[in-house]
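Colleague: Got a minute to go through this model with me? I'd like to know what stands behind the labels.

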Amino acid sequence: MKSNSITLQKKWNPEDFLPATEEEKENLIVLRESVGFWRDGLRRLRRNKVAMVSLIVIVLIMICSFIVPMFYPYSYKTQLKGSENLRPMEYSEMEKELMNSGEKVFPHILGTDKLGRDYAIRIMMGSRISLLVGLIATAIILIIGSIYGAVAAFFGGKVDLIMMRIVDIIYTIPDILLIVLLSFALKSPLNALAQLPGFRWIQTIGVNLISIFIVFALLYWVGMARMVRSQVLMLKESEYVTAARALGASSSRIIRKHLLTNCIGTLIVTTTLQIPSSIFTESFLSFLGLGVAVPLPSLGSLASDAINGLNTYPYLLFAPSLLISLIILSFNLLGDGLRDAFDPKLKH
């Protein structure tokens, strides 16, 4: 038995411990470079032509909404006397006289409204308001929903049961009714607060818009919470979570550093798809008169104001309506592209 073990024992030579040669190093080179999660996702996203076109459209809309108004010659609230209800690229009599005298007059690209305000700048400012409301509301939904869903799933048991029953109750609350009630309830205290130094912005955006943000914070995060909960339920039994617990990591650290971090791809996709939903909700409420305060425009309020003149000035309704559709469609297509790029289940 002893002789057999000696014969099976490998005989080592001093040459076996010499550094590897260049030829041996080349044989160890990996033919294909390893790709990380983000790099692989971005590469897959770039291959999706529809998603990239949607991203370009969103960037162009943001440039027109946030940058172009800085250089535009008209203001969204300036009323030009004698320029009421001008058609696209049309000049008023006063502007024609200025042009005849040699002065340069910038045309009204989309005409003017019934108060003589340039409609193009109001469309750009309206899209800015809608985008800002959508982005801020989505950020509120992301923060509240992700934390709530992660806590419910991580602790489980009675904590999860009670928290998710609260979610079920919130689903039954009518959002529009709550916005109307909040608008009436908050009107007096917010108007009094707006008189104080540093709170004049309340008058600018209006009580209705503040009520919309409050309702987003109270109601609209429940879908995000359910999505995060389902993800965390799968991740919390992973080995790295067990290792973090064994090393004495606190529950908050495990949720922040391990669970939510590993949900980041799904969170990005869900957040991108939530933006058009928030923009549509704000536009719909502004259309009903529950949005921003006058004279600040929103795409929904612009469409609402244009309904009465639909037969005479149809372009006043088509412009904001088409822009709302374009924004929502672009974000939806971009969200679909992000889902295809970052969802591990769809990779092949």
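Modeller: Sure, let's start with Asn85, which counts as partly exposed because its relative accessibility is 26%. The class runs between buried, under 20% relative accessible area, and exposed, over 50% (1.4 Å probe, protein chains only). Asn85 lies in the loop between α5 (68–71) and α6 (93–100).

Colleague: Before we go on, what kind of model is this?

Modeller: This is a predicted model, where local features need pLDDT of at least 70 and side-chain atom pairs count only at pLDDT 80 or more, while totals for chains, interfaces and linings use all residues. Residues are numbered from 1 along each chain as its sequence is written, and side-chain values use heavy atoms, with hydrogens and water left out.

Colleague: What is notable about phi of Asn85?

Modeller: Phi of Asn85 is near 55°, a positive value in a residue other than glycine. Met89, in the loop between α5 and α6, also has a positive phi, near 65°, and Met89 is not glycine either.

Colleague: How many helices and strands does the chain have?

Modeller: There are 17 helices and zero strands. Both are DSSP runs numbered from the N terminus: H or I over at least four residues for a helix, E over at least two for a strand. Of the 348 residues, 39% count as buried.

Colleague: Why is α7 called roughly parallel to α11?

Modeller: The axes of α7 (residues 119–155) and α11 (residues 207–218) cross at roughly 30° and come within 9 Å. That makes α7 roughly parallel to α11. The label covers angles under 35 degrees; over 145 is roughly antiparallel, 65 to 115 roughly perpendicular, and the rest oblique. The axes are lines fitted to C-alpha atoms, for helices over the stretch in contact, and angles run from 0 to 180 degrees between N-to-C directions.

Colleague: Which residues meet there, and what kind are they?

Modeller: From α7 you have Val133, Ile136, Ala137, Ile140, Ile141 and Ile144, meeting Leu209, Phe213, Phe216 and Ala217 of α11. Contact means heavy atoms within 4.5 Å. The residues of the contact of α7 with α11 split into 10 nonpolar, no polar and no charged. Ala, Val, Leu, Ile, Met, Phe, Trp, Tyr, Cys and Pro count as nonpolar, Asp, Glu, Lys and Arg as charged, and the others, Gly among them, as polar.

Colleague: Is Val167 buried or exposed?

Modeller: Val167 has a relative accessible area of 0%, so it is buried. Val167 sits in helix α8 (residues 157–171). Leaving out residues up to four places away in sequence, Val167 touches Tyr148, Trp221, Val222 and Arg226. The C-alpha atoms of Val167 and Tyr148 are separated by 9.8 Å, with the two residues 19 apart along the chain.

Colleague: What makes Ser286 buried?

Modeller: Its relative accessible area of 4%, which is why Ser286 is classed as buried. Ser286 belongs to helix α15 (residues 264–287).

Colleague: Which side chain does the side chain of Ser286 join in a polar contact?

Modeller: That of Glu282, at 2.7 Å. The term asks for a pair of N or O atoms within 3.5 Å; within protein, one must be able to donate a hydrogen and the other to accept it, and residues adjacent in sequence count only if both atoms are side-chain atoms.

Colleague: And why is Ala249 called partly exposed?

Modeller: Because its relative accessibility is 25%, Ala249 counts as partly exposed. Ala249 lies in the loop between α13 (239–246) and α14 (251–262).
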